[in-house]
Structures are given as structure tokens and as C-alpha cells.
Amino acid sequence: MKLIVGLGNPGRSYADTRHNVGFRVTEELARRWGLALTQRKFNGLTADGRLGEQRVLLLKPTTYMNLSGRSISEAFVFYKLTER
């Protein structure tokens with residue numbers, strides 16, 4: 001499994017700032033791959049799918065960027081991921 005995380009800050013005041021480029025990239029990948037970032041897990045929104053033989057999890061933390069490590073850590077532990 002590959003975990004792809006898009007970092008950003010929640011809220012309208014950050015929506016169109018450079019700080020949310022990660023959110024926009026994750027949303028675009030979801031769109032291109034036909035996935036929906038709607039499942040609430042790991043203090044974020046997730047989309048789970050396959051690209052060929054590879055399982056992929058998109059994660060868009062709903063925490064502020066400086067707290068996103070918690071969200072990522074939860075996903076790593078849950079899926080027993082070891083590679084970065």
C-alpha cells in the first residue's frame with residue numbers, strides 16, 4: 001500500500017493559499033483516479049483505491065498542518081506501514 005498525504009490547513013481563510021497546495025494535489029489525484037475523499041478516518045478525509053496492482057490511500061488531514069503528524073501516524077500504525 002502507498003499512502004499519499006496532502007497537507008494543508010482547514011478553513012476558508014486558507015482555501016486558496018500556498019499553504020493548501022497539498023490539499024489541492026490530493027483532491028486532483030482523487031478526481032483523476034475516480035476516488036472520493038469522503039471517508040472520515042485518521043483525523044482526516046480518505047479515499048482508498050487501486051492503481052493497477054498497487055493499493056493506494058489518499059489522506060487529507062483535517063487538522064492544522066502543524067498537527068498533521070498525528071493523522072499520518074494513525075494511518076501508518078493502522079495499516080502497519082514501514083516504508084516512507
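In this predicted model, the side chains of E28 and R31 meet in a salt bridge, with a distance of 2.5 Å from N to O. Both residues belong to helix α1, where E28 and R31 stand three residues apart, about one turn of the helix. Their surroundings can be described by relative accessible area: E28 is partly exposed at 27%, whereas R31, at 56%, counts as exposed.

How many salt bridges does the structure hold? There are four of them, and the table lists some, including the pair just described.

| Salt bridge | N to O distance |
|---|---|
| K60 and E27 | 2.3 Å |
| E28 and R31 | 2.5 Å |
| D48 and R55 | 2.7 Å |

The pair of D48 and R55, whose closest N and O atoms are 2.7 Å apart, joins two residues that are both partly exposed, since D48 has a relative accessibility of 34% and R55 has a relative accessible area of 32%. Elsewhere, salt bridges that share partners link E28, R31 and R32 into one network.

The remaining pair in the table brings together the side chains of K60 and E27, which meet at 2.3 Å, N to O. Which parts of the chain does this contact tie together? K60 lies in strand β4, residues 54–61, and E27 lies in helix α1, residues 21–33, so the salt bridge connects parts that are 33 residues apart in sequence. K60 is buried, because its relative accessible area of 15% is under the 20% cut-off, while E27 is partly exposed, with a relative accessible area of 35%.

The burial of K60 can be set beside the picture for its strand, as β4 is mostly covered, with six of its eight residues buried. Strand β4 also has pairing partners. With strand β1, residues 2–5, strand β4 pairs in the parallel sense over four bridges, and within this part of the structure V5 has L59 of β4 as its bridge partner. With strand β3, residues 44–51, strand β4 pairs in the antiparallel sense over eight bridges, and here L45 stands opposite K60. K60 therefore takes part in a salt bridge from β4 to helix α1, and K60 also stands opposite L45.

Strands β3 and β4 form a hairpin with two residues between the strands, and in this hairpin G52 takes a positive phi near 65 degrees. As background for reading such strands, in a regular strand the side chains alternate between the two faces of the sheet.

Definitions and conventions:
Residues are numbered from 1 along each chain as its sequence is written. This is a predicted model: local features need pLDDT of at least 70, side-chain atom pairs count only at pLDDT 80 or more; totals for chains, interfaces and linings use all residues. Side-chain values use heavy atoms; hydrogens and water are left out. A salt bridge is a side-chain nitrogen of Lys or Arg within 4 Å of a carboxyl oxygen of Asp or Glu. Buried means under 20% relative accessible area, exposed over 50%, partly exposed in between (1.4 Å probe, protein chains only). Two strands pair if DSSP finds at least two bridges between them.
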